[in-house]
Amino acid sequence: MAKAKPQVQVPAVALPATVVAETKPAQAVELKTMDGVTAENFTAFTKEALIAGYGNKSNAIRGLAPLGLKPGPISKHLGIIYQHARNVLLRPLKRVVKEQRDAANTAAQAASAGEQPAGK
């Protein structure tokens with residue numbers, strides 16, 4: 001008799017909420033919204049309609065995530081790989097990172113310009 005191989009169930013890995021919260025900027029990015037799209041009925045819209053409504057695939061991913069959808073269902077409905085949806089949700093927009101960096105540099109320059117050296 002052949003031995004039956006034990007079946008191992010791999011637990012689904014969920015993204016920790018802290019990782020998502022830390023990568024999102026303090027100031028909210030204005031997300032495009034689409035009228036009538038909810039977590040319950042987003043599958044009633046075709047992927048082409050969602051992409052056109054949000055502007056592009058990344059905006060569609062960012063627009064569907066606040067509805068409570070996870071990257072898996074989003075990627076299946078939009079016809080993209082899971083990793084694409086996950087990366088879009090985890091990585092901040094480059095323009096937001098640049099704005100934050102510029103604001104920090106401006107604040108640092110203003111603080112250093114207001115201080116006089118102690119020896120002079």
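User: Which backbone oxygen does the side chain of His77 reach?
Analyst: Keep in mind that this is a predicted model. His77 sits in helix 4, residues 71-78. Its side chain comes to 2.6 Å from a backbone oxygen, inside the 3.5 Å cut-off for a polar contact. That oxygen belongs to Phe45.

User: And leaving out residues up to four places away in sequence, what does His77 touch?
Analyst: Contact here means heavy atoms within 4.5 Å. With those sequence neighbours set aside, the list for His77 runs Phe42, Thr43, Phe45, Thr46, Lys47 and Leu50.

User: How are helix 3 and helix 5 oriented to each other?
Analyst: Two packed helices are described by the angle between their axes and the distance between the axes. For helix 3 (residues 57-64) and helix 5 (residues 82-90), the axes come within 9 Å and cross at roughly 70°. Angles of 65 to 115 degrees count as roughly perpendicular, so helix 3 and helix 5 are roughly perpendicular.

User: How many nonpolar residues does the contact of helix 3 with helix 5 have?
Analyst: Helix 3 brings Lys57, Ser58, Ile61 and Arg62, and these meet His84, Ala85, Val88 and Leu89 of helix 5. Sorted by class, that contact has two charged and two polar residues, and the nonpolar ones number four.

User: Is Gly55 buried, partly exposed or exposed?
Analyst: Gly55 lies in the loop between helix 2 (47-54) and helix 3. Its C-alpha is separated by 10.0 Å from that of Thr33, 22 residues apart along the chain. Buried means under 20% relative accessible area and exposed means over 50%. Gly55 has 44%, so it is partly exposed.

How values were computed: Residues are numbered from 1 along each chain as its sequence is written. This is a predicted model: local features need pLDDT of at least 70, side-chain atom pairs count only at pLDDT 80 or more; totals for chains, interfaces and linings use all residues. Side-chain values use heavy atoms; hydrogens and water are left out. Axes are lines fitted to C-alpha atoms, for helices over the stretch in contact, and angles run from 0 to 180 degrees between N-to-C directions. Helices (H or I, at least four residues) and strands (E, at least two) are DSSP runs, numbered from the N terminus. Angles under 35 degrees count as roughly parallel, over 145 as roughly antiparallel, 65 to 115 as roughly perpendicular and the rest as oblique. Ala, Val, Leu, Ile, Met, Phe, Trp, Tyr, Cys and Pro count as nonpolar, Asp, Glu, Lys and Arg as charged, and the others, Gly among them, as polar. A polar contact is a pair of N or O atoms within 3.5 Å; within protein, one must be able to donate a hydrogen and the other to accept it, and residues adjacent in sequence count only if both atoms are side-chain atoms. Buried means under 20% relative accessible area, exposed over 50%, partly exposed in between (1.4 Å probe, protein chains only).
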